Amino acid sequence: MMNTSVEERLAVIETTMGRRPPTVWFKGGQVLNVYTGAVEYQDVWVGGSQIAFVGSREEGKLNPDSSTKVVDVEGMVLVPGYIEPHSHPFQLYNPVSLTEKVLPLGTTAMIHDNLYFFRSLDDDRWQEWRERLTASAVHHFWWARLDAQARLDADEDPFTLERVKLAMSHPSTLQAGELTDWMPLLSGDQKRVAMVEQAHRYGKRVEGHSPGASYRTLSRLAAAGVTGDHESITVEEVLHRLRLGYMTTLRYSSLRPDLPDLIRGLLQQQAPVPWHRLMMTTDGPTPPALRQGHVDAMIRVAIQAGCPPEHAYGMVTLNPAVYFGLDAHIGGIAPGRSADINVLRSLEDPTPIQVFVRGERAAQSGRLLVEQPQPDWERFPPLISAPWRLQKKDVALSLEKGEQAPVIHLVNPVITQLKWEAVDEVDEERLFVSLIDPAGQWTTQAFLRGFARGIDGLASSYNGSGDLLLLGRDPDAMVKAGQRVLDNGGGIAWFQGGGESFFLPLPIGGKMSDQPIDDLIEKSEELVTKLKNFDHPFHDPIYTFLFLSSTHLPQVRLTRDGLVRIKDGAIIRPATPLT
Ligand SMILES: Nc1ncnc2[nH]cnc12
């Protein structure tokens with residue numbers, strides 16, 4: 001939820017009543033009214049952090065004076081600040097560096113995944129952390145995860161009912177989810193049902209995560225309390241969700257940029273498109289995708305696919321605001337709303353030339369003008385690195401001659417298939433892969449095919465379970481890469497031909513960089529280009545790292561218990577203790 005202080009409200013009342021001069025006057029421009037869909041010549045008047053009046057000075061009986069900042073917007077269009085309803089703020093970047101990148105692109109509110117923060121920080125620190133972010137120019141909101149989407153040590157499961165309730169009760173939490181592990185809900189698991197009901201009791205939404213789910217499964221999940229979902233990849237899947245009452249989010253992510261096809265498909269239907277029940281998300285773009293933009297890029301793509309502009313903007317302004325119960329505060333240019341305003345050259349060009357948040361100019365011509373509060377990263381737990389050294393036997397499966405080994409085949413950047421192969425022959429495309437406990441307790445080993453050819457040793461602490469992921473054909477190089485990551489408290493390291501060919505430090509929990517996103521974009525592009533030179537066939541390898549140890553996708557994943565078949569939880573090959 002959002003709060004307006006009594007002082008802020010008084011300031012806007014005084015302004016709209018003509019008793020106090022407006023703080024800002026947007027003069028001479030057009031305004032997109034997301035409530036009616038009209039674009040009209042209107043002046044916009046701000047009193048402090050909020051909009052006081054939309055219309056002419058005479059009509060409003062407003063009293064600007066020399067303290068009123070006049071923003072000449074003749075020839076421009078004003079639209080509300082953009083809302084990203086489904087953000088994963090840890091794709092190598094961190095919530096603050098993400099803010100610094102996307103605020104100049106017009107994103108003024110984000111609803112974030114709490115996954116790694118909830119897992120890594122105790123409740124007090126997590127509270128402190130999110131409170132500090134409230135001083136940011138962007139409005140930061142959160143979802144409360146109900147599961148880790150990775151196998152955890154049973155004694156250390158942080159997703160207790162108590163903790164999840166606490167996370168959900170916080171005013172900046174807007175929904176429970178995303179429900180990657182939804183089977184327990186349909187099986188009637190008491191704890192999971194109680195978590196979902198708690199969300200409803202607090203007046204929060206419940207987001208599903210049901211890729212490929214049938215109408216029947218989606219219907220059952222709706223019956224179990226799920227209210228939204230962003231996993232449609234076909235128009236039929238969008239229509240199923242809409243019919244079942246889901247708030248349906250169309251995705252334009254680095255991994256699945258389905259948005260334009262979905263828009264075109266919706267426009268081809270006989271029935272009118274229920275735009276008011278649709279939102280759009282970038283769903284955690286990896287850094288290279290941010291070159292194109294953020295929510296602004298998504299609006300552009302939607303318009304180019306034929307979406308009427310007023311609806312393209314509505315899907316990332318009013319619609320999420322209404323769905324999450326924030327429309328009294330954000331999502332539109334109207335009196336009483338936070339003065340979050342993007343100044344555009346035209347509706348066809350959604351990248352703003354000026355961004356205002358809470359009535360302050362926050363960015364101009366792509367340049368950030370406001371300082372962001374920096375959390376105390378020192379207090380974020382680093383990747384655990386016990387005083388132990390990796391050895392060759394830890395990283396590579398050793399087999400008897402002729403023995404069949406489990407091989408994870410990559411079908412696309414994130415979907416896997418298990419096959420068994422005899423591995424007597426050298427095969428440049430079949431790499432060792434292992435997931436290792438950074439505290440040195442266990443290792444899970446298999447082979448990986450379809451990632452690249454001839455990589456010596458690559459290690460990443462950026463992965464879904466927060467362990468150390470290693471792959472390569474040469475155990476010596478894998479050890480070097482893994483040790484480099486452990487010694488640095490996190491990162492992505494690649495050793496090739498005897499030397500280090502790539503290193504990206506990830507000092508924040510082993511998952512996030514403390515560097516600006518523009519540097520990260522270059523560094524991640526360097527990694528992608530290098531991988532392409534080794535015949536990596538897909539476009540988003542960073543997601544491959546993330547999801548090889550995440551248990552919400554088919555068919556097999558590396559976990560602390562071993563190589564696991566997701567469908568039934570069977571352990572294909574158990575983890576072994578490290579000695
Ligand atoms: N389920 C998920 N977890 C973490 N990052 C993601 N990015 C997209 N989907 C994600």
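This passage describes the ligand site, the cavities and the pockets of a predicted model.

Local features in this model need pLDDT of at least 70 and side-chain atom pairs count only at pLDDT 80 or more, whereas totals for chains, interfaces and linings use all residues. Residues are numbered from 1 along each chain as its sequence is written, and side-chain values use heavy atoms, with hydrogens and water left out.

We may begin with the ligand. Its shell (residues with a heavy atom within 4 Å) consists of H88, F90, Q91, R145, Q149, E178, D283, Y543, L546, F547 and H552. By class, the shell has four nonpolar, four polar and three charged residues; here Ala, Val, Leu, Ile, Met, Phe, Trp, Tyr, Cys and Pro count as nonpolar, Asp, Glu, Lys and Arg as charged, and the others, Gly among them, as polar. Helix α18 (residues 541-548) contributes the largest share, three residues; helices are DSSP runs of H or I with at least four residues, strands are E runs of at least two, and both are numbered from the N terminus. Domain 1 (79-313 + 366-378) and domain 2 (392-577) each provide at least three residues of the shell, with bounds from an automatic or database domain assignment.

Polar side-chain atoms come close to ligand nitrogen: the distance is 2.6 Å for Y543 and 3.2 Å for Q91. For H552, an N or O atom of the side chain is 3.5 Å from a nitrogen atom of the ligand. The protein buries 97% of the 260 Å² that the ligand exposes when taken alone (Shrake-Rupley method, 1.4 Å probe).

Next comes the empty space, evaluated on a 1 Å grid over the protein atoms alone. A cavity is a set of points where a 1.4 Å probe fits but cannot get out, while a pocket is an open set with protein on both sides within 12 Å along at least five of seven lines; lining residues have an atom within 4 Å of a point. Volumes are the space filled by probe spheres set on the points, which are joined across faces, edges and corners. The structure holds three cavities of 30 Å³ or more, and the largest has a volume of about 60 Å³. Its lining comprises R125, E128, W129, R132, P375, D376 and R379, of which five are charged and two nonpolar.

The largest pocket encloses about 950 Å³. Of its 33 lining residues, T180, D181, T551, H552 and I566 lie nearest the centre. The second largest pocket holds about 700 Å³, and helix α4 (residues 115-120) gives the most to its lining, three residues.

Note on methods:
Polar contact = N/O pair within 3.5 Å; in protein donor to acceptor, adjacent residues only side chain to side chain.
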